[in-house]
Structure formats: C-alpha cells, structure tokens
Amino acid sequence: TVKSAQFLTLVIRKEDGSSVELLFLDHADGVDQVLRKPDQGRGTTGTWTYVTQDLFDPVTRSYRPFYVVKGVEARP
C-alpha cells in the first residue's frame with residue numbers, strides 16, 4: 001500500500017504477516033521501478049532495506065524512530 005501525505009509512506013507486509021511503514025525521504029535503490037507500476041507495486045515481493053532515524057513527530061511534539069527506505073530488490 002502507498003499512502004501520500006507530507007512524505008510518501010510505503011506499507012510493507014513482512015513474511016510473518018505483520019507490516020512495517022517505510023518513509024520514502026530520498027533516493028532509494030530500486031524503489032522507482034516498483035512505484036512506476038500502474039498498481040504502485042502492490043503485490044511486489046522482494047527484499048526491502050531500511051534504516052531507523054529519529055525524526056520530529058509534530059503530533060507528539062517529540063523525536064521518535066521512523067523507518068526510512070534505502071532500497072528494494074524486487075523479485076519477478
């Protein structure tokens with residue numbers, strides 16, 4: 001799933017059935033290939049890489065960890 005707000009958020013479902021939200025803040029290898037698909041990559045399988053960054057959350061008025069996508073290796 002792709003959510004658009006101030007930043008693009010990619011919702012990735014992990015193998016165990018849980019999901020993680022990845023912020024798309026800057027260039028990330030391979031992500032443009034996934035997002036160019038008409039369905040915005042829905043159903044794409046692969047390996048996502050991300051880092052944890054402490055960013056300011058205006059709702060809580062504090063810094064908190066966010067997951068920032070760094071790349072994807074999509075499988076056909």
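**Exercise 1. Locate Gly43 in this predicted model, and decide whether Gly43 is buried or exposed.**

Solution. Begin with the secondary structure: Gly43 belongs to the loop that runs between α1 (31-35) and β4. Next, consider accessibility: the relative accessible area of Gly43 is 70%, and since exposed means over 50%, Gly43 counts as exposed. Finally, look across the chain to Ile12, which is 31 residues apart from Gly43 in sequence, and whose C-alpha atom is separated from that of Gly43 by 9.6 Å.

**Exercise 2. Work out how β3 pairs with β2 and with β5, and in which sense in each case.**

Solution. Take β2 (residues 8-13) and β3 (residues 19-24) to start with; these two strands are paired in the antiparallel sense, over 6 bridges. Two residue pairs can then be followed in the structure: Thr9 has Leu23 of β3 as its bridge partner, and Ile12 stands opposite Val20 in β3. The connection comes next, where 5 residues lie between β2 and β3 in a hairpin, and where Gly17 in the turn has a positive phi of about 95°. The last step is to turn to β5 (residues 62-75), with which β3 pairs in the parallel sense over 2 bridges; here Leu23, already met as the partner of Thr9, stands opposite Val68.

**Exercise 3. Identify the residues of the largest nonpolar core, and state which elements give two or more residues to this core.**

Solution. The core has 10 residues in all, namely Leu10, Ile12, Val20, Leu22, Ala28, Val31, Val34, Trp48, Val69 and Val72. Sorting by element, one finds that β2, β3, α1 and β5 each give two or more residues to this core. Ile12 and Val20, which stand opposite each other in β2 and β3, are both among the core residues. As background, nonpolar side chains tend to be buried together in soluble globular proteins.

**Exercise 4. Find how many aromatic pairs there are, and describe the geometry and the accessibility of the residues involved.**

Solution. The count comes to 2 aromatic pairs. In one of them, Tyr50 and Tyr67 are arranged edge-to-face, with 5.3 Å from centre to centre and 75° between the planes. Because Tyr50 lies in strand β4 (residues 45-57) and Tyr67 in strand β5, this pair ties together parts that are 17 residues apart in sequence. Tyr50 is partly exposed at 37% relative accessibility, and Tyr67 is likewise partly exposed, at 36%. Another pair joins Phe56 and Tyr63, again edge-to-face, at 5.5 Å centre to centre and with 70° between the planes. Here Phe56 counts as partly exposed at 42%, whereas Tyr63, at 60%, is exposed.

**Exercise 5. Examine two arginines: over which ring does the charged end of Arg64 sit, and what is the sign of phi at Arg61?**

Solution. For Arg64, the charged end sits over the ring of Phe66, at 3.9 Å from the ring centre. For Arg61, the backbone is the point to inspect, for its phi is near 55°, a positive value in a residue other than glycine. Most residues other than glycine have a negative phi. To complete the picture, Arg61 is placed in the loop between β4 and β5, and its relative accessibility of 67% makes Arg61 exposed.

Definitions and conventions:
Residues numbered from 1 in each chain as written. Predicted model: local features only at pLDDT ≥ 70, side-chain atom pairs only at ≥ 80, totals over all residues. Heavy atoms only, no water. Pairing = 2+ DSSP bridges. Helix = DSSP H or I, 4+ residues; strand = E, 2+ residues; numbered from the N terminus. Phe/Tyr/Trp six-rings, centres within 6.5 Å; stacked < 30°, edge-to-face > 60°. Buried < 20%, exposed > 50% of the residue type's maximum accessible area, 1.4 Å probe, protein only. Lys NZ or Arg CZ within 6 Å of the ring centre and 35° of its normal. Core = buried A, V, L, I, M, F, W, Y, C linked by side-chain atoms within 4.5 Å.
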